[in-house]
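Visitor: Please pick one part of this structure and take a close look at it. I would like to know what surrounds it and how the neighbouring parts are arranged.

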Amino acid sequence: MTESIPSPLRDEPDDQRITSSEVVFDGKIWDVRRETFVYNGADTVREFVDHTGAVAIVALDENDRLLLIKQYRHPIRAREWEIPAGLLDISGEDFLAAAKRELAEEADLEADRWNVLTDYATTPGGNNELIRIYLARDVRPTADAFEREDEEADIEVRWVDLDEVVDAVLRRELQNPNLVIASLALAASRSRGWASLGAADAPWPEWSRLHPNAS
């Protein structure tokens, strides 16, 4: 282990030389990939979930209430509170357009004001999923309701005060990562006069680096 030299506190891209890459499980939503790369002069093999990436949306009303949705998540056998989110699985669709689509599909809402709240990697030790969280304000209902199916068919919707959400997160009663990260980032940004917010069309270099062939 080497001691870090003081420098700006930020993650650094580090593209090691990949000598082989193959899909070992072709799934319905995402795949499992096995790659061999050269690290410190030796071949290293890693298997990971190969993910399209996703967007998530914090819809905030004029009373500082967040829109939460509750739906069933089979891997954890629970109905958990979340914020609207969805995969970047439509070729050529930009990030903001995907966020607007997901907000309409999952919550029957649209918004006039959009900003990037934060970006994060969900589980960098086991998959390459990246998520961009948007803040949507000046929200209103869409003209038509979206027809939902599967786990989304019985979504429950609730508007909840931001401070109440943060309190529930800190009590460990809400554990969805998008909701946890979004609520804490939102509270921190609000306390700093929203100075940390990014433009709605801000570049996302981390996603673009992992998806160089995306159209």
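Guide: Two strands count as paired if DSSP finds at least two bridges between them. The model is a predicted one, and the part chosen here is strand β4, residues 54-59.

Start with A56. On one side, A56 stands opposite I133 of β9; in β7, its bridge partner is A85. The two pairings of β4 run in opposite senses: with β9 (residues 130-141) the strand is parallel, joined by six bridges, whereas with β7 (residues 85-87) the pairing is antiparallel over three bridges. In general, strands of a sheet pair through backbone hydrogen bonds, in either a parallel or an antiparallel sense.

Burial is the next point. Six of the six residues of β4 are buried, so the strand is largely enclosed by the rest of the structure. Both of its faces are covered: A54, A56 and V58 are buried on one side, and V55, I57 and A59 on the other.

Now widen the view to the sheet. β4 belongs to an open sheet of five strands with mixed pairing, in the order β7-β4-β9-β8-β11. Its edge strands are β7 and β11 (198-199), each of which pairs on one side only. At the β11 end, strand β8 (residues 109-121) runs antiparallel to β11, and two bridges join them. V116 is placed opposite G198 of β11 there. Helix α3 packs on this sheet, where it touches β4, β7, β8 and β9; the direction of α3 makes about 105 degrees with that of β8.

A residue of helix α1 also reaches β4. E102 sits in α1 (residues 95-107) and is buried, with a relative accessible area of 6%. Apart from neighbours within four places in sequence, the contacts of E102 include V55 and I57, both among the buried residues of β4. E102 is also in contact with P84, A85, G86, L87 and A107. Of these, A85 is the β7 residue bridged to A56.

Helix α3 leads on to a second sheet. α3 (177-191) is part of what covers the buried residues of helix α2, along with β5 (65-73) and β10 (156-161). In α2 (residues 162-170), the buried residues include L162, V165, V166, A168 and V169. Seen down the axis of α2, these fall within an arc of 160 degrees, so they line one face of the helix. At the N-terminal end, D161 caps α2, with a side-chain oxygen 3.0 Å from the backbone nitrogen of D163. Just after the helix, R172 takes a positive phi of about 65 degrees.

β5 and β10 belong to an open antiparallel sheet of three strands, ordered β6-β5-β10. β6 (78-82) and β10 are its edge strands, each pairing on one side only. Five bridges link β5 and β6 in the antiparallel sense, and I69 is opposite E82 of β6. α2 packs on this sheet by touching β5 and β10, and its direction makes about 100 degrees with that of β10.

Last, the place of β4 in the chain. Domain 1 covers 18-50 and domain 2 covers 54-210, and residues 54-59 make up β4. The centres of the two domains, taken over C-alpha atoms, are 29 Å apart. Four residues from domain 1 and four residues from domain 2 take part in the contact between them.

Notes: Residues numbered from 1 in each chain as written. Predicted model: local features only at pLDDT ≥ 70, side-chain atom pairs only at ≥ 80, totals over all residues. Heavy atoms only, no water. Buried < 20%, exposed > 50% of the residue type's maximum accessible area, 1.4 Å probe, protein only. Helix = DSSP H or I, 4+ residues; strand = E, 2+ residues; numbered from the N terminus. Arc of directions from axis to C-beta. Contact = heavy atoms within 4.5 Å. Polar contact = N/O pair within 3.5 Å; in protein donor to acceptor, adjacent residues only side chain to side chain. Axes fitted to C-alpha atoms, helices over the stretch in contact; angles between N-to-C directions. Domains from an automatic or database assignment.
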